[in-house]
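Let's take a walk through a protein model together. Keep the sequence and the 3D view handy as you read.

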Amino acid sequence: MTVVDKKKQKKQKTDPVQDALIDGERIIREARVHWAIFLYPAVWFVLALLVSAFLSPYIGIVIILVMVCLPGIDALIKFYTTRLVVTNKRIFTRYGFFSRDLIQIRLDRLESAHLEQPFVGQFLGYATVMLSGVGTGAIGLKYIKDGSVYVKKLQEFLITRSERKEDIK
């Protein structure tokens, strides 16, 4: 390998999900965070503009700084860094910007996967995906885009695994 090839290889950005895969593992389904994660900061922004216009600009600025900027930055980080992945061996989620976190459950240890979808989420297409595994508590991942499709894939796996166990008995 030449020096130029090594420099090109270093410049290429690697996909963090691909980096997290182990030998023989392939992605079955991947989900990302829905844009609705920005609704909370947007509502507060509109409220702050109304307060600034009709009551006090100083109170409006404080509302924007506290209730819009901080949740907005948090939403941006979650939107761009959170990925929920089902592979043929496990489920994992990667998130975080300053520090990366990886939560994983092996598929053979998965007990249940269900959906919590609020009224607005039904129209906009997002849900909270709840996962639980043997020896783990419930893991809730909010604002997952097309969460119902994701949970359906997991349920299919759980059902086929259950049927295989019954066939063995």
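Here is a tour of a sheet, a cavity and two loop residues.

A quick word on the ground rules: this is a predicted model, where local features need pLDDT of at least 70, side-chain atom pairs count only at pLDDT 80 or more, and totals for chains, interfaces and linings use all residues. Residues are numbered from 1 along each chain as its sequence is written, and side-chain values use heavy atoms, leaving out hydrogens and water.

Let's start with the sheet. Helices (H or I, at least four residues) and strands (E, at least two) are DSSP runs, numbered from the N terminus, and two strands pair if DSSP finds at least two bridges between them. Three strands make up an open sheet here, in the order β5-β6-β7, and their pairing is antiparallel. At the edges sit β5 (110–116) and β7 (139–145), each pairing on one side only. From one strand to the next, the twist averages 25 degrees, using axes that are lines fitted to C-alpha atoms, with angles running from 0 to 180 degrees between N-to-C directions. If you zoom in on β5 and β6 (residues 126–133), you'll find 6 bridges in their antiparallel pairing. Ala113 stands opposite Leu131 in β6.

Leu131 also turns up at a cavity, as one of the residues lining the largest one. A cavity is a set of points on a 1 Å grid over the protein atoms alone where a 1.4 Å probe fits but cannot get out, and lining residues have an atom within 4 Å of a point. The structure holds 1 cavity of 30 Å³ or more, and the largest has a volume of about 40 Å³, meaning the space filled by probe spheres set on the points, which are joined across faces, edges and corners. Two or more lining residues come from each of β3 (90–95), β4 (101–106) and β7.

Now for the loops. Is Thr82, between α4 (57–81) and β2 (83–87), buried or exposed? Thr82 counts as buried because its relative accessibility is 9%; buried means under 20% relative accessible area, exposed over 50% and partly exposed in between, with a 1.4 Å probe and protein chains only. Leaving aside residues up to four places away in sequence, Thr82 touches several residues, including Ala31, Ile77 and Tyr95, where contact means heavy atoms within 4.5 Å.

Gly135, in the loop between β6 and β7, counts as exposed because its relative accessibility is 81%. Gly135 and Leu110 are 25 residues apart in sequence, and their C-alpha atoms are 9.6 Å apart in space.

Conventions
On a 1 Å grid over the protein atoms alone, a cavity is a set of points where a 1.4 Å probe fits but cannot get out, and a pocket is an open set with protein on both sides within 12 Å along at least five of seven lines; lining residues have an atom within 4 Å of a point.
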